[in-house]
Amino acid sequence: MSLRTTLIRASAVLAAALLVATAPPAPAPAAPAPSPGPAAGAGETGAARWAVQPSSAKGPTGRNYFIYDLAPGSTLTDHVGITNLGDRPVTFDVYGTDAYTSTDGAFALLPADRPATDVGSWIRVDRREWTVPAGRRVDIPFRLTVPANATPGDHTGGVIGAVARIRTTADGQRVLVDQRLAARVYLRVTGPVRPAVTVEAVDVSYDNPVNPFGGGDLVVRYRLRNDGNVRIGGSGTVTVRAPFGREQARTAPTDLPELLPGATFTVTERITGVPPLLRLTAEVDIAATSTDTALPPVVRTAGVWAPPWLLLALLAGAAGWAGLRWWRRRAAAAGRPSTPDPADTPQPAATGAAATGPTPDAADGPAPGADPRPDAPPAR
């Protein structure tokens, strides 16, 4: 099998094996302007060892990054220094490319097979390949031309020194490995600066515990987007609230990575020991900053149901038992014969001497059959 055929078939492997090495990104919660430092980076592949750093026609200037403030239509010339740290000459590919924020928040550069469309395309080197003798440094000039229609704000990329090597895999396949080092380029095009960040989505999930007094895990995921035209850093905090706004938990501020314009980043926070209080609300509070100023706080909330199932089951059981006892008492009362009231019972008539009743009064007249005359003889 020819080397050309093997290289074509290994194109997928090339992309996976491509290394983009830059200076180790320092945490940038407030997106500060990069400070000067040592060489931008050093790499090694096979017998080649090299470093890439900002330089000048007379050698390194102590800069760690290329930092520019230019107006649209401006042009400047600068130098990138590539040092061959090996013991044999090495040929490097030198070119510019664009940067982006990776899904894990890291500073990343476009892969070699993707053409630059932003600041990387504004960088021009006299030639693509440069051979550096063993143990020597070459300061390579490049031109940066800002288009007249360039948008204001931050444009980020890198000047790359790459080494391509053919390697043989364990199964005998020969693949081309492109390893790269870069010095970062931070370009601010003059014009209106518009820092902005939004919380695009908040997702809340709750692991409801069997024991409501033990508490469960609340997981909050929120996605940030840099909607402005400058780099954004800062921190984020999550507050968990119960019904009526009572605070249950609060996370420590989480440093956000440096978000380039248009970048998105997802933050996941896990809060343990949160009791199930029927309804829990997660409040995401973002304190974002740019290199120029702090931004107004960005707050977004989302809720999740957290019913205390065991407690509700106990309450339901107690209510059911109380209802059953009440029903039984009512049923028993409905089936028992009623006891008559003595005042409502008619009494039997009295006889003989025991008979009582009204006695005829003389004023009421003689008894029936008697002679009304006082001297009348007894009747026969």
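Glutamate 258 is buried, and arginine 231 is buried too. These two residues form a salt bridge, with their closest N and O atoms 2.5 Å apart. Keep in mind as you look around that this is a predicted model. The points below start from this pair and then move on to a sheet, its salt bridges and a patch on the surface.

**The buried pair and its network**
- Glutamate 258 lies in the loop between β17 (254–255) and β18, while arginine 231 lies in the loop between β14 and β15 (233–241), so their salt bridge ties together parts that are 27 residues apart in sequence.
- Both residues belong to a network of salt bridges that links Asp154, Arg188, Arg231, Glu258 and Asp292.
- The structure as a whole holds 13 salt bridges.

**A three-stranded sheet**
- Strands of a sheet pair through backbone hydrogen bonds, and the pairing can be parallel or antiparallel.
- Here, three strands make an open sheet in the order β13-β14-β18, and their pairing is antiparallel.
- Why do β13 (197–207) and β18 (264–274) each have one side without a neighbour in the sheet? Each stands at an edge and has a single partner strand, so its other side is left free of a neighbour there.
- On average, neighbouring strands of this sheet are turned by 15 degrees against each other, with direction ignored.
- Strand β14 (residues 216–226) is joined to β18 by nine bridges, and the two run antiparallel.
- To find one such place, look for glycine 216, which stands opposite valine 274 in β18.

**Salt bridges between the strands**
- The side chains of arginine 225 and glutamate 200 meet in a salt bridge of 2.3 Å, taken from N to O.
- Arginine 225 sits in strand β14 and glutamate 200 in strand β13, so this pair ties together parts that are 25 residues apart in sequence.
- Arginine 225 is partly exposed, at 28% relative accessible area, and glutamate 200 is also partly exposed, at 28%.
- Arginine 270 and aspartate 217 also meet through their side chains in a salt bridge, at 3.5 Å from N to O.
- Arginine 270 belongs to strand β18 and aspartate 217 to strand β14, so the pair ties together parts that are 53 residues apart in sequence.
- Arginine 270 is exposed, with a relative accessible area of 54%, whereas aspartate 217 is partly exposed, with 24%.

**A nonpolar patch on the surface**
- Trp321, Leu324, Trp326 and Trp327 make a nonpolar surface patch of about 500 Å².
- One of them, tryptophan 327, lies in helix α3 (residues 309–335).
- Is tryptophan 327 buried or exposed? Tryptophan 327 has 53% relative accessibility, and since exposed means over 50%, this residue counts as exposed.

How values were computed: Residues are numbered from 1 along each chain as its sequence is written. This is a predicted model: local features need pLDDT of at least 70, side-chain atom pairs count only at pLDDT 80 or more; totals for chains, interfaces and linings use all residues. Side-chain values use heavy atoms; hydrogens and water are left out. Two strands pair if DSSP finds at least two bridges between them. Helices (H or I, at least four residues) and strands (E, at least two) are DSSP runs, numbered from the N terminus. Axes are lines fitted to C-alpha atoms, for helices over the stretch in contact, and angles run from 0 to 180 degrees between N-to-C directions. Patches are made of residues with over 30% relative accessible area and no salt bridge: like charges are joined within 9 Å, nonpolar side chains (Val, Leu, Ile, Met, Phe, Trp, Tyr) within 5 Å. Accessible areas come from the Shrake-Rupley method with a 1.4 Å probe; for residues, only the protein chains shown count as cover. A salt bridge is a side-chain nitrogen of Lys or Arg within 4 Å of a carboxyl oxygen of Asp or Glu. Buried means under 20% relative accessible area, exposed over 50%, partly exposed in between (1.4 Å probe, protein chains only).
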